[in-house]
Amino acid sequence: MKIKQMPLGPLGTNCYIVYKGDVALIIDPGGDEKEVISFIDQYQLKPLAILLTHAHFDHIGAVGALRHLYDIDVYLGKDEQEWLENPHLNRSTLMGMEIRTESPEHLLTPGKLNIDDFSIDVLHTPGHSPGSSSFVFTDDELVISGDVLFRHGVGRTDLPGGSFVQLQSSILNHLYHLPDHFIVYPGHGPKTTIGEEKQHNPFVPGQV
Ligand SMILES: [Zn+2]
């Protein structure tokens with residue numbers, strides 16, 4: 001499996017395209033759909049689905065365009081079921097925009113998710129937002145962590161439905177249980193590893 005990181009949209013949010021052979025999953029397309037389309041065209045990929053770590057405006061700006069262009073389904077945590085169709089809930093109104101697309105076809109719950117040849121362990125990792133999910137690709141030893149865990153940082157918890165206590169528990173009890181060498185691909189900024197964050201994350205240090 002290969003992974004392409006692409007900062008997109010008004011905040012340069014990391015979109016990830018994971019692909020294997022000629023099939024791909026699009027994760028968190030925050031905007032600038034033309035960049036996604038041109039990558040897909042260049043590598044002659046067939047997108048199978050859009051997966052969302054959560055539905056804040058900066059992660060979903062290109063969902064509407066891409067789901068219709070490729071006729072693919074959207075997966076989102078069950079606690080944010082209504083956020084795609086509600087610009088107040090996805091907070092795009094705060095940016096003077098109205099991002100709105102249909103509700104997800106599939107609601108994510110913790111556990112195994114298989115899409116074609118892709119096998120994903122979905123973790124429910126709330127704290128930054130109530131429906132935040134992290135996507136673990138165990139065979140490839142990586143996790144896509146959305147806005148839960150960043151390199152030497154964590155997602156903000158002051159937005160509606162946020163909670164630092166929950167965030168801390170998501171990180172300590174889920175993400176830090178992954179092997180130290182697993183690569184973390186966050187929603188913002190550069191990649192890191194579980195071991196690096198357990199040792200050096202100033203907000204949620206790993207238990208010694
Ligand atoms: Zn967010």
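Two strands count as paired here if DSSP finds at least two bridges between them. In this predicted model, β7 and β8 (residues 118-124) clear that bar with five bridges, and the two run antiparallel. One spot to look for in this pairing is Asn114, which sits opposite Ser119 in β8.

Zooming out, these strands belong to an open sheet of six, ordered β7-β8-β9-β10-β13-β14, and the pairing is mixed. The edges are taken by β7 (111-115) and β14 (192-193); each has a single partner strand, so one side of each goes without a neighbour in the sheet. As a rule, strands of a sheet pair through backbone hydrogen bonds, either parallel or antiparallel.

Next comes the metal site. The zinc ion picks up its protein donors from His54 (NE2), His56 (ND1), His128 (NE2) and Asp147 (OD), at 2.1 to 2.6 Å. Along the chain, the donors are spaced as H-x1-H-x71-H-x18-D. His54 comes from the loop between β4 (46-51) and α2 (57-60), while Asp147 comes from the loop between β10 (142-146) and β11 (149-150), so this pair ties together parts 93 residues apart in sequence. Both His54 and Asp147 are buried. As for geometry, the angles subtended by the four donor atoms run from 88 to 176°, which makes the arrangement irregular.

Finally, there is helix α3 (residues 63-70), whose buried residues are Val63, Gly64, Leu66, Arg67 and Tyr70. These buried residues pack against β3 (23-27), α1 (33-42), β4, α2 and β5 (73-77). Just past the end of α3, Asp71 adopts a positive phi of about 55°.

Notes:
Residues are numbered from 1 along each chain as its sequence is written. This is a predicted model: local features need pLDDT of at least 70, side-chain atom pairs count only at pLDDT 80 or more; totals for chains, interfaces and linings use all residues. Side-chain values use heavy atoms; hydrogens and water are left out. Donors are N, O and S atoms within 2.8 Å of the metal (3.2 Å for Na, K and Ca); water is not among the atoms, so sites may look incomplete. Four donors count as tetrahedral if all angles lie between 85 and 135 degrees; four count as square planar and six as octahedral if opposite donors are over 155 degrees apart and all others between 65 and 115; anything else is irregular. Helices (H or I, at least four residues) and strands (E, at least two) are DSSP runs, numbered from the N terminus. Buried means under 20% relative accessible area, exposed over 50%, partly exposed in between (1.4 Å probe, protein chains only). Contact means heavy atoms within 4.5 Å.
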